[in-house]
Each structure stands twice: as C-alpha cells, then as structure tokens.
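Here is a walk through a model you can keep open beside this text. Take a look at the fold first, then follow along.

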Amino acid sequence: MELLSKAGLEDHYENKLTLSTVLEINANTTSDEPLSTMQSLPGAFLKKLMMANVNARSVKCLSTDQEVSYCGVDNLNTDSDTSNVINPLDLITALFLCSDGFLQQEMVQKMSMCQFAVPLLLPNCDTKQSTLMLWALRDIVKKFRSSSQAATKAFVEERVVLSDIPMVSFVRLGENSLSKSQILNKLLSNPQQYHDTFVHHDMECGDVPRQVSDGLVEISWYFPCGNRNIDMFTKPVSVANLRGDIRSSEKQFSFLCQTSAAVYIFIDDLEANFFKVLKSKKTKAELFLVVNCQGKRFRVDTLKKMISNCSINEKNVIVKKKQNDAEFVKTLQSSVGEIIERSPNRLTIENMVDVAHQMGIWVDEDCGECQSARKMADEITRNITDTNEFKDQQLQLQGTIWKEISQLEKERCRLRKAGDQDIEHYKSSLKKKEKELREKQYTFDISDAMTSFMLGMSSSGAERSYFLKWMRINLDNLSRQNLSGLRDQYKDLCQHSPEKKDDIKDLDKQLSDCSLGLEHFLRELGQLYEAACSLPESSLQWQQMEHLPGLCAQMLLDGFPVELVDGDASNIPLKWISAVLTQLHTLVDSNSKIWVVTVLGVLQIVVHAFIRMKEVGKKPVCHFVHQNVSDMSAHDNNMRDRKKLLEQLDEMTQAAARMEKKENITKFTDVMEYDPDTSSCYIPGLWHGTPPMAPVNAGYSEAVYSFKKTLMKDFRKCQRNDDLTYFLEWTQSLWEAVKFEKFIFSFRNSLVADAYSRLCLEYNSWEWVFQKKMYSWMVSAETKMSNIVMTDQHPQRSIRDVLQDLMIEASEKLSEGEKEIQDNLVKYFEKQDGHVNLVEKYKEDFVSSAKTLRRETENTVKNKLQGAVEIKEGMAELNNIKSSQANTMEKKVLDLLQKCRQKKAGLSDKELRIEFENMWRITLSEIHFRGLPRRDVAQDAFLMLRGNLSTRGSHVNSMLVGTNLVDCGKKEFAVESGGFGEKLGSLVKHWDFNHYRKKLQELCDNIITQCQLFITQKVENKTDYHDTYIKELLNKIDETLKQHKNVNVSEVCEVSLKLHICGRAARKFQKMHNDFIEVNDPRKCLEQSKIKYLTEFKDLFHNRDLCQKKAEDFTKLCLQPAVQDYVTKMIGPDVIDEVKTGKGSEDYSTRGAFQFSILKQLLMDGEYEQYREYINHYENFVKDWLFDQIVQQLSKVRSLEKLEKKHLSEMVKIITDTICNIRETTTNVNDVKTFIQNICSALEEKLVLKDALESIFILNTADTEQFADYLTEFVREMKQSLAATYDKGGDIKERLRSLPFKPQDKMFTILFGCGEQCPFCGVPCEAGGIKHAKHHASIHRSEGIRGVRDIFSNKLVIQICSSLVVSDTSFSNAKTGGTFHPYKDYQTFYPDWLITRDSSIEASDYWKYVMATFNETIAKGKHALPADIPEDWKALTRDDAFKSLKKSFNMI
Ligand SMILES: [Zn+2]
Ligand SMILES: [Zn+2]
C-alpha cells in the first residue's frame, strides 16, 4: 500500500483503473511535460505503453537526477534516496494490481507487441496471494512459422493461452552473481537484435530495490519465423521468470515445477539446505542447476558433493566457466532446445488453472462476473457448427429480407422501375412492400441465440463487458479455424492467378458467408430494433427493444466498436444508428465531439469529392502520411519534394475543378486544409527487426505519436457544434444522397437548413435596421422640404438646390447603410460557429440582395423627394399670392391703427368697426385678384401615361392614339377572354378551363383596389392635383406587375389596365382640383379672414394682452396638427419592431418560419375554405393573415397607444426644450413673430409647421417672455389632451391603414419575399434576401390541390413535384412548346427554381394529409373528379401531418 500511495494509485486498489480512463483524451494525451512527481509515473508508463513504445518502461522523474547533482553532498548521510524512483517491475506489478481485467488485457497486448515479458503470476505482497493471469493473457494471438513449415510459407496463428507450447522456467535460489534476466534476454534475442524482454539490473531504475514485485512470474515467448539462420529455436517456447528468491515464493516455485517442461535454478550457495527440500518435491518439470564457477562462494568440491548427495544428473548441471556470456548463453540455448524437442510436459496456460487451484493460487477468471459471462457466451457459440447455417437460422433478420428492404429503400428514391405507374402510387406501393417485409421480419420469433445475446447485453457493467469479450474470443476462435484456410487460398489466387475472377469472387462470397463476428450479432440487434420501430410505441416488442440503443451506446464507451454501414447489405440502419448515437450523446452529457478520420488512397477522385464538399462548406483537413521512411532527415530532405507535390496537387485540383465547372478553385488548399510543412508526416517501418520476434520500432511509435499530436491539434480546432447529433445529420443526408445516387452534395439537410435560416434571420435584421434608418432620414428630409419656403434663410437658393443636396446626403446615407450590411455579412461568415461554412454558397445571394436593396431604396427616395419638390413648386404661386395679400392687408391695418390712435377722442367699438370696414373695402378694390388656373387633369394624366409607355412598341402606341382618359375606366375592368391563358394548359393535365383568366382577373382586381385606395387617400387630403400622383400610381402598377411575372400579363392587358386606372384617377383628381381652386380662391380666402383682422385690430387699439391668445392659436393651429402628423409618421416602424420582438415573433423571423406558422395554423383550424384561400389567393391571404396577426398582437397589450404616447412625449419634450433654449439664447427678441419663426426653424427637421404665421396673424410686438410662458403651458395641455385621444384608441385596423408607413405592407414585403411560386405546384419561394440565385421551398404539394387534373379522366392528380423531379416522367406545357420534357431536367425551363427531392418519404405527409382529407371538396370546387388516393395517404392523421411539417421546416 505504501508504494501504491506513493505512486498515486491507492484509490485504484479498490476502484480499479479501466480501459476507458486510459483511452480518455485529455490534456495529458499530447502533453510532453517532463515528469516531476511519482504520481505522474503510472500515467506516463500507460501512455507510452498504449503507443506501443519500447521505451515505455524507462519512466522516471526529472527531479531525481537534479537532486543527486545538486544535493549530492547532503544526501551522502542518508541511504540512497529511493523516495522518488521506482523499479519498473514494481510499477508494472502495481499497475496490474490496480487495473481491471480489460485494461490488463490491453496492457498485456501492448507489452507483448513491444516484446516485453508479461505477468503470468501476479503477487500481492500484502495478502501474500498470487494470481494466475489467464484472462489478461487471453487476448494474445501470435503468428509464427516453425522450421518444418518453412517450405510451405504457411503461418500458424494461435491464441497463446490455448496452445500447448512447452514452458521453461527460470528461478534463483538465494543471492546470485549471475543476472538471470539479462541472460534470459540474450537467450531469447537473435544476436543481431538484442532486446530487453525482461527488466534487468542495468536498465534505467532496474537497480532500485524492488518492493512489491517479488514473487512475480513473468512469461515471454519465443516464436520462430521459419528461417534457420535467424531463429534461435525451431519451435515456439515460452519462458517464465520468477522474480525473487524461491525460498520466499515457494507457492510460485511449486506451480512452475508442475507446469513447466523444465525449471532452471540459478544457484550460488550450494550448501543451502533448501535444496534437500527441493529434492523431496515431486515435480513434473525436469530440474536444472545453473552455477557460476566465478561466483565468490563457488567450490568445485561442494558442487560435486551435492551432485552425488542429491543424485543429480550431471547433464542437468550447467556451469558457467571462465567464458563470456555469449558462450554461456549458447550452452543454455542448446539445453533449452533439447527440452523443446523432447517436450515432456506440455500444458496450455488455460490448463494451468487446475494446478493453480491445487496450489492455492487464484485465477483471474475465477470472478463470478467472468464465469457467468462465459457461460452465457458459450451457450450461444457452443452450438455453432456451420456458420452459414447458424446465420440463416439464428440471425435471420439480416438475411435476404434486410437485403430486400435495402433494395426497396433505394428504389423508393431512384424510382427506376416505376414504368408508366403513377409516381405517388408507385411510391406508396414500395412503402407498403417495405412495411410488409418489416412485418415479416417480426413474424420470426426472436431466435434463441439472439435472446441469449440480448440477455448478455443486458447484464450489468463488468459482466456485459466480459460477455462481449467472451463472445468475441469464442467467435474469433471459431472463425480462425474456418477462415485461415480460405484466406490463404484467396491470397494465393489473387497473387498467382488473378485471371480466375470467378473463383476469386466465389471465395470472396465464401469468406463473407462464413465470417461470423460480434458485428453480426449487433447487426441483428439493429435489425430487431429497426423492425420494432415500425410497430406502434405501445407494442410489447417495441418496449422490449427500447433499451437496446442505450446498452449499445454504453458498449461504445467501454471501447467496443459498432459498425455504421452494414457492408453485406450496403445499408445504414439509420434508426438504429441514430438511436445509439443519440444515447451516446446523452451519456456523455451532450458533450460530444466527433471527428471522422478516413484513410484515403485514389487522390484524383477524392479531389472531385472534396470540390463538391466545398459546396456545402466542408473543408477537410488533409495529411500526407509517408510510410516506411527510414531516414531521420526525411522531413528536411523532402522539402523540395513537398513543394513539387503541392504543385502537382494544385494542377490536379485545377483539372478536377474544370471538370466540375468550378473554375474559381485553383489551389489544392482551396478544397483542403493542407500545410505542406506541418501536414506531411514520415513514419518509419513498424517492426524493429524480423517478426514475429521483432518489437515495435521506437521511431515508429514516436512518429505516430507526433502525428497523433497534430491530429489532436486539428481536433481542438474542430467546431464546438461538431457533435454527435451533427454527425448524425450528415450521415443521414449523405446516406440519402447515396440512395438517390446523387453524389453531388447538393442536399439540403437540416443542418444546412438551420444555418440558412439563421443567416436569413440575421440578414433580415440588418436589412430592417437599414430600412428603418432610411425611413427616418426620409421623414426628416421631407419635413425639411415642406418647411423650405417659410424658413429658408437663403432665398437665393432654390428648392432644386436643396433637393440636390438632399440627394447627395441620401446617397451617402445609402452607401453607409449598404456598407454596414456588407460588413455584417463578411463578419458573419468569418465567425466559425453556427455552421456558416455550410451556407457559404448563399453569401453571394445576400451580397447582391444588399445591393438591390440599396438601389431600390435610392429610387424610392428620389421619387419621393422629387414628388415633394413638384408639389412644393406647384403650390408656390398660390402661396405667393396669399402672402403678398397678407402683407398688403397687414400694412393697411397697421396704418389704420396708427390713424385711429392719433384721433384725440377715443373711438367707440362701432366707430372702429366703421373705420375698418372702409379700409377693407378700399383695400380689396385695390388688390388685383388673379384666380387660380384650372387644369385639365385628364390631359395631364394622359401625358404621364404616355411617358410611362413611351418605350413600348407601335401596338401600344396605336392603343393610345385617339383615346381620351375621360372615357376610360367607366365600366368594371374585365380581362378579355381568349388569348392569354388557355393555351398554357398542359397536354396531359390541366387546370380548369378559366384558370389562367381567373388568375389574371384576380391580379388586375388587386391592382385596381390598391390604386383606388391610393386615390382615395390623396383626395381625402384635399390638396391640389400634382402630376406626381399619376406617376406614383403608374409606379405602383409597374411594381406589382413585376412581382407577378409568372402570371404572364400581356402588353394589351397592361395598357388596358393602366388606361382604366388612370381614367378613374383623372376624374377623381379633377374633382379634387376643382374643389381646391374653389376653396383656395385668393379673394375668398382673404374675405374669410376678415373677422380675424377686425378682432385683432380692435384688441390692438385697446392694448389688450394678446400673448395668451396667440400662444393658444399657435399651439392649436400649428403645433398640434404637426405633432399628430409626426406621431403618425413615426409609429409604423415601431409597430414592426413590436411584432418582430413580441411574443410569437419567431413566426416572422424568416420566410420559412412564416410559412410554417401559417401552415400550422391552417392545420389546426382544419377548414378547407382557409386552405382554398391560401392556395388560390396566396397573396391576399397572406396580406389579410398578416394584418390580422398584427392587429391581434397590438390589441393584446394596447401597444399602439403606448407607442403613440411615447412619441408624443418625445416630441413635447423637444418642443419644450426648444422654447427654453430660444428664451435663453435670444434675449433681445422682443417680437413674437420672430420668436415663433425661431421656434419653427429649430423644429424644421422634425415637424411640418404649415403656414404657421399665416394662420396666427400677428400684428404687434407682444411680450415674448409672457408668450413663452403661455406657450409652455398650452403645450403641456396639448400633451394631455392628445394623450387622452390616443388612450381612447379606436379601431386598430383603421388606424393602421391611415398610417403613412403601413406596417402590414412592410411586413408583407419582408415575408412575401420574391413572391415566386413553384411552377408545378405553386408553393411560395422561401429564399432569403431580395435577390437570390435560386428559388426554393421546404415542401411541395400535389398539383391536384390547386385543381390540376388529368386531361382524359378529369380526375385530380396527386403527383408531387419533389417526387417527379427524381422520376423518369415528363411534363409538357406552353413553356415546352407542348413537347414532353423530363421532370429531371426541369431546370432547362425553370432555371431559377431549385426543387429538391423530399428529404424523406414522410416529408410531404402534410400535403398528402390535406389532399386526402379535402379530395372530394377540392374536386367539387374545381369541377373535377376526386383523385385516386393511395391507401397510406388516407391513413395519415393530423398528427402525422404536423410531425412532417415540423421536420420539413426544421422546427423540432
Ligand atoms: Zn412544387
Ligand atoms: Zn425566390
């Protein structure tokens, strides 16, 4: 125990070290820190041993040497310091004492690879108990060729514990002058390759006094290679070596005497009494004495006396005379050689158990777990006589049925043999067949062997491991007998008669048939599980199988491998593998990382594969491993070669890239992570010398270790989220790809989908930030523009100059915003997490989306500002007239005031009024009133329309000639029948007759409604008519038409539509214009303000204080409407933020998520009418849906009111602050007019203060201080009264519709995306960004859902495009010009669409369910006959549909 605690092993004396602790990858795995403590020695030894490093036994602490050199003098007094060193034998003994059976086996394996002796009897110096290490030795298998076989070149392969190799033991009596172990090493080594099989005194730390290893019996073997010039012995022999004096290890000695063919006793002290005792022993072994005549106590006479006394055969006394070791060893060798030839006592190690038990020696296999496990394993394997037959009877699930299922699975993807069957029916039939086969699998009772196997697997911890090990050992033994012969034949045939292909193939089959390993049992387990998966979860069978993956995962952790691909059926049992790996992931607390290491040969083809892998963002790390390199300087010398190699690799990559049409890939490093300096590794030969007696080359082990360190470095680099679950995803999609024979990695698995939606999510948020910024800039620019005439301090600058400045500013803003998005994109793709590499190929889509966004926003900004300028200019004349009139009148009133004040006698109110009336009459007569010119709106609008269509051909022109807008749009707009749509119907299936016309009519009606709304809003504003209104209208039409390219609107239709809309607009606008002229007639306006002038005049005359009144007027007439206007403008973007961040916001995060939420809701509601709207009137449906969602969201928490009040408070604060500021900074302003002007210019970017001074009419210079006080008070009141209005709320829909920035419209644009729909089934595109290279959708649906039917039977069709595109069927429509074209090559006609096959057969369950449920209803509505629905579609439940929906949109 003392030694154990020194070595830090005391805990493991009870709680044994296990193989998994040793295999664990941790900081020590690749660390080369010098060893500083005793506690680090066992670990270091094990690490080196696992590397099969022949230097493993020389581990010692660094400090030991230092202490000696620095403190040598101090230490002279004490005994030589042994506190920090340990004899290798002690270390080995201690470790074996502290390890469990499986680690012991592994240690023994590795030790024997290094040609180290391994423990046969392990002593325990505390309990004095010795253990026969049978289990530990059980896994050693050795190959050799005895000289008699030399001619045939045949090898014998044997498990050493089972082979009856004669054993020769070496022991010593008393102290001995000869180093027994060193002599043994020489005995076993070929002269040209001396090797330290046994630890001896002269080895590092070999001289440290032993503490726990006395009584240790080590064993080693000599195996010949069949070459007489090399072999020391012609037949195999095992050599046992007892450590310590036989007098203190009597039990071990007796054991050796009973089990060995011969025991050699090294003896110096010939007078020892012990020898007499020995003589009396009955031994099976022949005894030899080894005496050193050079020893101090050697006396020839004593020896002679003893020989005669003990009647020892003189031949059995070997004396080392005055000869060197080599000579002496030869003598020994010939003695041992003789023994082997005679082999009087041969006992396999397994058979030594009885002897051990007789001697009171434990056997490690005695433990209950090992015994019961063996029983269970034997139970299974005992009955195997013919492996083929056994497999047929006991492992029947993996037989033909499984192979058939594999074929079916592949056919279900490839649809090769569909013939002229309907694809969906064919798929269903395949599914049915598979189900039947699975059921058939289940009709077999679980076989006896599998029942026993599952029982064994289910046993606890160590017992299971023993069981599996026993199974492996038993099966190995079985197949060793069967296979070795076949393998030799196979090798022989391949080497000598490779032309006999059939024979080789036949042998290959035999090899595969008769191989039977643990993997076959696990495979069967997998099949049981897979078959159970097709049963309901409540079934008994399923419950029996449920725990299997967990057991298998535990097995993986215990170090047993599990196969991924069943090589015999070439299939991956995905459900089984998934379940196992998922369990494993759970077992390691979700802290798994997986890294696939593959050994590749054929590089040219590999490069092709990697170019394709780059497409999905996988860039593997590549290392070149050069084997059997003997030169130490290989790495340096090969510098030039490496450069050359890289050049060649680059060339090869370019060639491959050209073939893959990926010319941007030019370098090898583009597809692989490869550094010529660190990614090359030179590994020397494995064996040092000639096998089987050669140990592993130390250089080999070191080179492999340094390679491992490199791999570990790579492993550390591997992403955090490369865990087992991700690995599973890749396995699944790769397997799908293989089944589809689509070796191009274009598959979109859920990882890619996930990464893509994350990217969309991010991009959407950047885009939204950009749009919000631009909107608020736009609002302030427009405000500035609106305020321009009134506050422009530089009258010489025209409004056009301001426009130009604003456009420059806009351009800067836009560039800034675009750059921000682009920078964000770059940053996003630089991040290593979130699997950005998987979506690398979509980056370009988003880069160009950002560009488009900028361009489109720029256009909007330009149009809006230009429109504002035009309106401003249009109003300029009227404003001029008005202000000049006001000026004149103001002057006149002030003149009159002066005059009246000069009159001595005070004037009565009546007199004042008469004076005023006089002045008013005279002034009016003096002003020359020009009425406003009346415009012909229809004519002006027509000019705009012509401009809009100016680039079109003569046909359009001829339609316009002679048209008067006044006459247009009087009737309802109707799409002319004939011409547009009907001819588009496909030849085999078609929509109902009017389908296209209806679609077109619907679109036109939509556009008309939109325009109507716009016109009404303009008219409600009671402004004058401006040409920009018609321009905006035409833009709206053009944009909507662009969005619906797929509807195929003809030019004639477009022109008629525009004429219709413009005609209606012209009439409405004409009326608006007339009203405006009427209302704004200058004379009328002036007359209307007569009362105001009079009141003001009287107040002034009486010097009444007007501050309060003016302050109130300014607040009510100017500020309040401006503030309300401001709040209305600001609220729109906020509502979107609210929806985007509130509860349920994830539904709007991406287009995919949005589709998911709609489809989910539709499914929950389960009403056909809703589906019908969704499918047939997708756009309107989405608009209404969104609007409803927004309204619901807002009404729940009264957020609209909150937002309104927030902006109100903000603005009131700005106003109040402005008032304060102006008061403080401009003390000398004594006139209210200037004061108000100052306020206005301070607010010019925030508020549109219309005609401020005009409406307030100020004649005098009032007290500004008092005015400011009143104003502040009124502003406060205004805040309260507005807040109260907002609180009252009202119809949210109305309020939203009245906002200038309509959140519902913006949300629609964001979520509607490009608006494209699948050309076959009509599902909307879900791709992110504005511009994308390809449109794609998560799930497609039966074409029959939107009414497509078979032209002959008039039945709705059920085919799904995602199946059709992998089938051999064809389509034909107007696009193909009526000819048939394979669906596979749909991209010829629809190059923008990417229709991927379903990720699984369940993927389209959602729409199958819908189709099956509403089949009759759809048919009725479309005047078609119901479709023939496959049985399994009918069986689908709403739950199945929901499951498939979640899976398709990756929402689990
Ligand atoms: Zn489709
Ligand atoms: Zn799209």
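Two strands count as paired if DSSP finds at least two bridges between them. Strands themselves are DSSP runs (E, at least two residues), as are helices (H or I, at least four), and both are numbered from the N terminus. What you're looking at is a predicted model, where local features need pLDDT of at least 70, side-chain atom pairs count only at pLDDT 80 or more, and totals for chains, interfaces and linings use all residues. For bookkeeping, residues are numbered from 1 along each chain as its sequence is written, chains are lettered from A and ligands numbered from 1 in the order in which they are written, and side-chain values use heavy atoms, with hydrogens and water left out.

**The chain as a whole**

The chain holds 57 helices and 17 strands. Of its 1452 residues, 51% are buried, meaning under 20% relative accessible area (over 50% is exposed, in between is partly exposed; 1.4 Å probe, protein chains only). Among contacts (heavy atoms within 4.5 Å) with a separation of 6 or more, 77% are between residues 24 or more positions apart.

How confident is the predictor? pLDDT scores that confidence for each residue from 0 to 100; the chain's mean is 82, and 90% of its residues reach 70 or more. Helix α8 (residues 134-137) has the highest mean pLDDT of the elements, at 94, and helix α5 (residues 62-71) the lowest, at 49. Below 50 you'll find residues 64-79, a stretch with 8 contacts in the model beyond near neighbours in sequence. Residues 743-747 also stay under 50, with 14 contacts beyond four places in sequence. Where pLDDT is low, don't read the predicted coordinates in detail.

**The sheet around β2**

Nine strands make an open sheet with mixed pairing, in the order β10-β9-β8-β5-β7-β6-β1-β2-β11. β10 (317-320) and β11 each have a single partner strand, so each edge strand has one side without a neighbour in the sheet. Helix α6 (residues 88-97) packs on this sheet, touching β1, β6 (217-222) and β7 (237-245), and its direction makes about 80 degrees with that of β1. Angles here run from 0 to 180 degrees between N-to-C directions, with axes fitted to C-alpha atoms, for helices over the stretch in contact. Helix α13 (residues 325-342) lies across β5 (167-173), β7, β8 (262-267), β9 (286-292) and β10, at about 165 degrees to β10.

Zoom in on β2. Strand β1 (residues 118-124) pairs with β2 in the antiparallel sense over 4 bridges, and Asn 124 has Gln 129 as its bridge partner. The two strands form a hairpin with 4 residues between them, and Lys 128 in the turn has a positive phi of about 60 degrees. β2 is also joined to strand β11 (residues 362-363) by 2 bridges, this time in parallel. Here Thr 131 partners Trp 362, while Leu 132 stands opposite Val 363.

Which way do the residues of β2 (residues 129-132) point? Gln 129 and Thr 131 go one way, Ser 130 and Leu 132 the other, and all are buried.

**Two zinc sites**

Donors are N, O and S atoms within 2.8 Å of the metal (3.2 Å for Na, K and Ca); water is not among the atoms, so sites may look incomplete.

| Zinc ion | Donors | Distances |
|---|---|---|
| Ligand 1 | Cys 1318 (SG), Cys 1321 (SG), His 1340 (ND1), Cys 1361 (SG) | 2.1 to 2.4 Å |
| Ligand 2 | Cys 1314 (SG), Cys 1325 (SG), His 1332 (NE2), His 1335 (ND1) | 2.0 to 2.2 Å |

Why is the ligand 1 site called tetrahedral? Its 4 donor atoms subtend angles of 98 to 122 degrees, and four donors qualify if all angles lie between 85 and 135 degrees. The angles around ligand 2 are 101 to 120 degrees, which makes that arrangement tetrahedral too.

Along the chain, the ligand 1 donors are spaced C-x2-C-x18-H-x20-C, and those of ligand 2 follow C-x10-C-x6-H-x2-H. Cys 1321 is buried at 0% relative accessible area, and His 1340 at 1%. Cys 1325 and His 1335 are buried as well.

**Two more buried residues**

Gln 771 sits in helix α32 (residues 750-786). At 15% relative accessibility Gln 771 is buried, and it touches Leu 853 and Lys 1306, leaving aside residues up to four places away in sequence. Ser 1149 lies in the loop between α44 (1107-1141) and α45 (1151-1165). Ser 1149 is buried at 18% and, with the same neighbours left aside, touches Leu 761 and Asn 764.

Conventions:
Four donors count as tetrahedral if all angles lie between 85 and 135 degrees; four count as square planar and six as octahedral if opposite donors are over 155 degrees apart and all others between 65 and 115; anything else is irregular. pLDDT is the predictor's confidence in each residue, from 0 to 100.
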